[in-house]
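Here is a friendly walk through one structure, in questions and answers. Each answer sets a value beside the rule that gives it its name.

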Amino acid sequence: MPGPNYGALGMTFSAVRGLQAASLIAIIGMTANFISEMVTSSTAPPRVLVGTLSVTCIAVLYCALTWILYYDGHLPFLINTAMDGLLLIAVIVVAVTVGKPLSYLDCQIIGKQSGNVNSAYAYVATLGHNLNKDGSTANNYGGWIGATKSTCLEMKSIWGLSIALW
């Protein structure tokens, strides 16, 4: 059964939803990996990362649901526009919250100063000795992102993909 025939706009809608889904899934993978490394080392992840993961998972479900409704010809476009606007606000909040401390970091300089610590796990293991294990001081997001080059680049990738979703 072919989808609805809305011409170039319909094809654009499908292509954009596919790109959104790819970006959102990449954000989920990177954020989940970072949170997993923190949880493995018995350290509470920063609220910023948990919020990013939550908003992104909801956005992926919304993206898939709207595409399915579009393909079946049951998508009310006015309601979809309003919901896209609300999702846009959520993604902007994520991008701004994640990006505030990141905008000042130069990952190349961090790489020269941090030595050979290349993985999120190695970073969490070394940082875990200096932070409170209950997460009260570990929730200082700025302290997490500036120690290794790979962590900095991973967080800048999450930030960049969030900005691309605008």
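A nonpolar core is a set of buried Ala, Val, Leu, Ile, Met, Phe, Trp, Tyr and Cys residues joined through side-chain atoms within 4.5 Å. Buried means under 20% relative accessible area, exposed means over 50%, and partly exposed lies in between (1.4 Å probe, protein chains only). The model is a predicted one, in which local features need pLDDT of at least 70 and side-chain atom pairs count only at pLDDT 80 or more, while totals for chains, interfaces and linings use all residues. Residues are numbered from 1 along each chain as its sequence is written, and side-chain values use heavy atoms, leaving out hydrogens and water.

Q: Which residues have the most contacts inside the largest nonpolar core?
A: They are Leu 49, Val 98, Leu 102 and Met 155, in a core of 19 residues. Helix 1 (7-40), helix 2 (47-72), helix 3 (77-102) and helix 7 each supply at least two residues of this core. Helix 1 gives the largest share, six residues.

Q: What makes a stretch of the protein chain a helix, and how many helices are there?
A: Helices are DSSP runs of H or I with at least four residues, strands are runs of E with at least two, and both are numbered from the N terminus. By that rule the protein chain has seven helices and zero strands. Read along the sequence, the pattern is α-α-α-α-α-α-α.

Q: How do you know that Cys 107 and Cys 152 form a disulfide?
A: The rule asks for a pair of cysteine sulfur atoms within 2.5 Å. The sulfur atoms of Cys 107 and Cys 152 are 2.0 Å apart, so the pair meets it. The count by this rule comes to one disulfide. In general, a disulfide is a covalent bond between the sulfur atoms of two cysteines.

Q: What parts of the chain does the pair of Cys 107 and Cys 152 tie together?
A: Cys 107 lies in helix 4 (residues 107-114) and Cys 152 in helix 7 (residues 149-164), so the parts tied together are 45 residues apart in sequence. The link is left-handed, with -75° about the S-S bond.

Q: Why is Cys 152 called buried or exposed?
A: Its relative accessibility is 0%, so Cys 152 counts as buried. Cys 107 has 5% and also counts as buried. Cys 63, at 4%, is buried, whereas Cys 57, at 34%, counts as partly exposed.

Q: Why is the pair of Tyr 6 and Tyr 70 called stacked, edge-to-face or tilted?
A: Rings of Phe, Tyr and Trp (its six-membered ring) pair if their centres lie within 6.5 Å; planes under 30 degrees apart count as stacked, over 60 as edge-to-face and the rest as tilted. For Tyr 6 and Tyr 70 the centres are 5.7 Å apart and the planes at 35°, so the pair is tilted. Tyr 6 sits in the segment before helix 1 and Tyr 70 in helix 2, 64 residues apart.

Q: What makes Phe 13 and Tyr 70 a pair?
A: Their ring centres are 4.8 Å apart and their planes are at 50°, so this pair is tilted. Phe 13 belongs to helix 1 and Tyr 70 to helix 2, 57 residues apart. Phe 13 counts as buried at 18%, as does Tyr 70 at 6%, while Tyr 6 is partly exposed at 41%. Tyr 6, Phe 13, Tyr 70 and Phe 77 form one aromatic cluster, and the structure holds four aromatic pairs.

Q: How do you know that Asp 84 forms a salt bridge with Arg 17?
A: A salt bridge needs a side-chain nitrogen of Lys or Arg within 4 Å of a carboxyl oxygen of Asp or Glu. Here the closest N and O atoms are 3.1 Å apart, so the rule is met. A search of the whole structure finds one salt bridge. Asp 84 is in helix 3 and Arg 17 in helix 1, 67 residues apart. Asp 84 is partly exposed at 26%, whereas Arg 17 counts as buried at 6%.

Q: What does Ser 162 touch?
A: Contact means heavy atoms within 4.5 Å. Ser 162 touches Ile 27, Val 91, Val 94 and Ala 95, not counting residues up to four places away in sequence. Ser 162 lies in helix 7 and is buried, with a relative accessible area of 3%.
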